[in-house]
Amino acid sequence: MDLLEYIESRSEEHLSDLKEFLRIPSISTKREHKPDIQRAAQWVADRLRDAGFSKVDIIPTKLHPLVLAESLEAPGKPTILIYGHYDVQPPEPLNLWTSPAFEPTVRGGDLYARGSVDDKGQVHIHLKALAALKKSTGKLPINVKVIIEGEEEVGSVNLWEFVVNNKDRLKADFLVVSDTAMLAPGVPSITYGLRGLNYYQVEVTGPAQDLHSGVFGGAVPNPITILAGAIAKLHDKNFRVTVPGFYKDVVIPSAKERKAIRALPWKESEFRKTVGAPGLCGEKGFTAGERIWCRPTLELNGIWGGYTGEGSKTVIPSKAFAKISNRLVLNQNPEKIAKQVERHLRSLLPKTVHCRFDVLSTGKPWVAPYTHPVFQLASRALEQGFKKKAVFIREGGSIPFVNQMYDIFKIPCVLMGFGLPDENAHAPDEHLSLENYFGGIRSVALFYSNLAQL
Ligand code: BES
Ligand code: MN
Ligand code: MN
């Protein structure tokens, strides 16, 4: 049977299989979900066997297992490595979900569930494209290696060690990843740049223990006031980060690239609608697109301390905390930036408090040329699958594995994302457009089938 006909004839089966995958609450950050993580890894391994992979391994790590598979039965043809993650973010706050996070539900052409777009739905696209190729033609037309991890949402902490110790097993001509988004509905996109990510936790301690704010207030350092004051100084009035040296190594995109970015079919009005805030802001001198894709940032991800329960409690807390992160761009060095941020923050704190600064993770940015013919093949496959022209974009998010692989092998990385920016990844009511899901299966299957001709 023709490949596209085969895919079309299986669409209901594909959707119900995806729902089964999404029902597993594979939340990587919570210990109590360890058995679910295990189940999700097993589920992926089973589907890879269905797709004709004879060698499928579930490899334990210090945290969550990796699923690795190999089908090397196309001598002389290219070898690809497909990467994705089966772990998801926690679903909280639960009360903001229209239908429960782990009970996949279709509404208005979208599939709602945690992991639908990030990244189980997109992993599923590849599983089904591979199965369709195998089942409609009898064998895979190219050599395929697959690595699906369970720690992406917690920073891929144990992945690096595996990668450096298993270079031969992972070696491929191209890396293929679907864990990003399209520029807009009807605009299939290939991503050629991601920002890097550093993550920190800060703990400021004033008094040795919580104090009665009437008995002591006015004469002791309040760690919340002090931390908030320091945080408020991390940006200037033009929204530039005040950390000395922060912008020193930043590469400004070429005039040609800036022009190409400005010419993309991207509407600031749509972006504004997705954000839903009364107004936008950002670093002076750059468009919103450039701010997200090409400029580094410093963000507050959380701040807490003292009493936050019901009613009132008069207390001067002993401690205040913040979670802070940087998005990084070429050629910033994550370790160097982490030191600069720590030094600057400490310099903004008075001697009346102690500060503990922990670097939770660091990660490099990635930008690569898309001149290799494989990108034209990918772009054509997207055009065939979506009946729309594909574009090349950068994105602001981070995928540690992509820059790790690029650093080691310098191979072309083809990031074909099938999400949309307003599909609520990491938020309540995460969803995936079914049109893009099915378009994704068609495009990926065509891409792999065309790759055999390269
Ligand atoms: N799929 C995202 C990364 C992403 C999102 C890339 C949007 C491009 C556009 C991934 O699962 C993710 O959420 N990554 C984290 C970093 C990770 C180290 C926790 C991120 O970008 O915050
Ligand atoms: Mn992801
Ligand atoms: Mn994510």
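Two strands pair if DSSP finds at least two bridges between them, and strands themselves are DSSP runs (E, at least two residues), numbered from the N terminus like the helices (H or I, at least four). With that settled, here is a walk through the model.

## Ground rules

This is a predicted model, where local features need pLDDT of at least 70 and side-chain atom pairs count only at pLDDT 80 or more, while totals for chains, interfaces and linings use all residues. Residues are numbered from 1 along each chain as its sequence is written, chains are lettered from A and ligands numbered from 1 in the order in which they are written, and side-chain values use heavy atoms, with hydrogens and water left out.

## Strand S3 and its partners

Let's start with strand S3, residues 79-85. Buried here means under 20% relative accessible area, exposed means over 50%, and partly exposed is in between (1.4 Å probe, protein chains only). By that yardstick 7 of the 7 residues of S3 are buried, so the strand is largely enclosed by the rest of the structure. Thr79, Leu81, Tyr83 and His85 point one way, Ile80, Ile82 and Gly84 point the other way, and all are buried.

S3 has parallel pairings with two strands. Strand S6 (residues 143-149) pairs with S3 over 7 bridges, and Leu81 sits opposite Lys145 there. Strand S7 (residues 174-177) pairs with S3 over 4 bridges, with Ile82 standing opposite Val176.

## The manganese ion (ligand 2)

His85 of S3 also turns up at a metal site. Donors are N, O and S atoms within 2.8 Å of the metal (3.2 Å for Na, K and Ca), and since water is not among the atoms, sites may look incomplete. For the manganese ion (ligand 2), the protein donors are His85 (NE2), Asp118 (OD) and Asp179, which is listed twice through OD, at 2.0 to 2.5 Å. Along the sequence the donor residues follow the spacing H-x32-D-x60-D. His85 lies in strand S3 and Asp118 in the loop between strand S5 (110-112) and helix H4 (120-137), so this pair ties together parts that are 33 residues apart in sequence.

As for geometry, four donors count as tetrahedral if all angles lie between 85 and 135 degrees; four count as square planar and six as octahedral if opposite donors are over 155 degrees apart and all others between 65 and 115; anything else is irregular. The 6 donor atoms of the manganese ion (ligand 2) make angles of 56 to 163 degrees, and the site is irregular.

## The second manganese and the bridge

What coordinates the manganese ion (ligand 3)? Asp118 (OD), Glu153 (OE, listed twice) and His426 (NE2) do, at 2.1 to 2.5 Å. The angles subtended by the 6 donor atoms run from 55 to 157 degrees, which makes this arrangement irregular. Its donor residues are spaced D-x34-E-x272-H.

Asp118 bridges the two manganese ions, ligand 3 and ligand 2, which lie 3.6 Å apart. Asp118 is in the loop between S5 and H4, and His426 in the loop between strand S17 (413-417) and strand S18 (431-433), so that pair ties together parts that are 308 residues apart in sequence. Asp118 counts as buried at 10% relative accessibility, whereas His426, at 41%, counts as partly exposed.

## Rings and charges

Rings of Phe, Tyr and Trp (its six-membered ring) pair if their centres lie within 6.5 Å; planes under 30 degrees apart count as stacked, over 60 as edge-to-face and the rest as tilted. The structure holds 13 such aromatic pairs. One of them is tilted: Tyr192 and Tyr370, 4.7 Å centre to centre with 50 degrees between the planes. Tyr192 lies in strand S8 (residues 189-194) and Tyr370 in the loop between strand S15 (366-367) and helix H13 (373-386), so they tie together parts that are 178 residues apart in sequence. Tyr192 is buried at 7% relative accessibility, while Tyr370 is partly exposed at 30%. The rings of Phe375 and Phe392 have centres 6.4 Å apart and planes at 65 degrees, so that pair is edge-to-face. Ring pairs link Tyr192, Tyr370, Phe375 and Phe392 into a cluster.

Charges get a look in too: a charge sits over a ring if NZ of Lys or CZ of Arg is within 6 Å of the ring centre and within 35 degrees of the ring normal. Arg107 lies over the face of Tyr112, 4.0 Å from the ring centre, and Lys120 lies over Phe21 at 5.1 Å.
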